[in-house]
Amino acid sequence: MKKIYYILLTVTLSLFAASCSKDSAGEDFIVNRAELAEVTFLGENGYFEMKWDQDGSLLRVVENMRPDYKVEEGQRVYCVFRILRSEKSSYDIKLIDFHPLSSSQSYKMSDVNSNDDLLIQIGNDPVFLYGRVWMVRSWLNVEIGYYRENDDREHRFSVIWDDTRHDTGLDGIPEVYFVLRHNAGRNPNEEPGIPKETSAMGSYDISAVMGNFRDKDVKVYLEWMNYDINGNLVPFTEEVGTYNFSKAVDGYTVITEKNHNYIGAPVDTSTFVR
């Protein structure tokens, strides 16, 4: 049974702010942190725990300002929280807000190219790297930039593993290419609006893909289509980094990683379509 890898996102709006404070020991903490994490344990009375992407620390939700949100074990979330107390590798936090990032069906590029309906569904509208692209454990995280004409329109983003390429660099390291695709949800009868540049956050599970490269160093790239200075839609490529998927306790070891500028919380946080 062949494996397929394709991930779809829909955009929802939200804004976050950050400020600084000190804990009882005088250490500086960000009061409101906007971060990626993974739900690892569900308790009673709204209590649950998350694994923080930043360093794998445990986040214990001891105060929850969004008890109406449904939380599921294994969920990826973009969350806003305040650190209340800290220990060696764990924090008690006050959860202020969060947005689930749940994966859907996925495809390989070879499957996409042989299915006309799927090609239309995925789309090929302009999209670009707005800030960072980086990996944490088995997740490829992307700060996505795109052009929004109508606030009511649903935008969808896809990351596809290009299994049709089997490249190896001059250094002998295998190269893996992921392609970021965008469907702007245009209606053929819709009057075009004035495009506004905005951003979204995407987080993609690529563990099944990387399972093909166990015990190897792998160089990871992200590609997308955007306008050049002449207004032509052309491909762009960004190196994410080089990783080894056997040396790390929790997924991989970073050999080298591109140092991208962090631009802060996205204008739009994104949630996967189920």
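**Exercise 1.** In which loop is Asn45 found? Establish also its backbone phi and whether Asn45 is buried or exposed.

*Solution.* The model is a predicted one.
- Step 1: Asn45 belongs to the loop between strand S4 (33-42) and strand S5 (48-52).
- Step 2: The phi of Asn45 is near 55°, which is a positive value in a residue other than glycine.
- Step 3: The relative accessibility of Asn45 is 83%. Because exposed means over 50%, Asn45 counts as exposed.

**Exercise 2.** Characterise the surroundings of His182: its strand, its burial, its polar contact with a side chain and the residues it touches.

*Solution.*
- Step 1: Strand S13, spanning residues 174-183, contains His182.
- Step 2: The relative accessible area of His182 is 1%. The cut-off for buried is under 20%, so His182 is buried.
- Step 3: At 2.8 Å, the side chain of His182 makes a polar contact with the side chain of His155.
- Step 4: Leaving aside residues up to four places away in sequence, His182 touches Ile122, Gly123, Asn124, Asp125, Pro126, Val127, Tyr146, His155, Arg156 and Phe157. His155 thus appears both as a polar partner and in the list of residues touched.

**Exercise 3.** Describe the hairpin of S9 and S10, and then place both strands in their sheet.

*Solution.*
- Step 1: Strand S9 (residues 128-136) is mostly covered, with 7 of its 9 residues buried.
- Step 2: S9 and strand S10 (residues 139-148) run antiparallel and are joined by 6 bridges. In one of these pairings, Val136 has Trp139 in S10 as its bridge partner.
- Step 3: The hairpin leaves 2 residues between the strands, and Arg137 in the turn has a positive phi of about 50°.
- Step 4: The order S9-S10-S14 describes an open sheet of 3 strands with antiparallel pairing. S9 and strand S14 (196-205) are the edge strands, each pairing on one side only. On average, neighbouring strands of this sheet are turned by 15° against each other, direction ignored.

**Exercise 4.** How many bridges pair strand S15 with strand S16, and in which sense? Identify the bridge partner of Val218 and the residue with a positive phi in the hairpin.

*Solution.*
- Step 1: Strand S15 (residues 217-227) pairs with strand S16 (residues 233-244) over 11 bridges, in the antiparallel sense.
- Step 2: The bridge partner of Val218 in S16 is Tyr243.
- Step 3: The hairpin of S15 and S16 has 5 residues between the strands, and Gly231 takes a positive phi near 85° there.

How values were computed: Residues are numbered from 1 along each chain as its sequence is written. This is a predicted model: local features need pLDDT of at least 70, side-chain atom pairs count only at pLDDT 80 or more; totals for chains, interfaces and linings use all residues. Side-chain values use heavy atoms; hydrogens and water are left out. Helices (H or I, at least four residues) and strands (E, at least two) are DSSP runs, numbered from the N terminus. Buried means under 20% relative accessible area, exposed over 50%, partly exposed in between (1.4 Å probe, protein chains only). A polar contact is a pair of N or O atoms within 3.5 Å; within protein, one must be able to donate a hydrogen and the other to accept it, and residues adjacent in sequence count only if both atoms are side-chain atoms. Contact means heavy atoms within 4.5 Å. Two strands pair if DSSP finds at least two bridges between them. Axes are lines fitted to C-alpha atoms, for helices over the stretch in contact, and angles run from 0 to 180 degrees between N-to-C directions.
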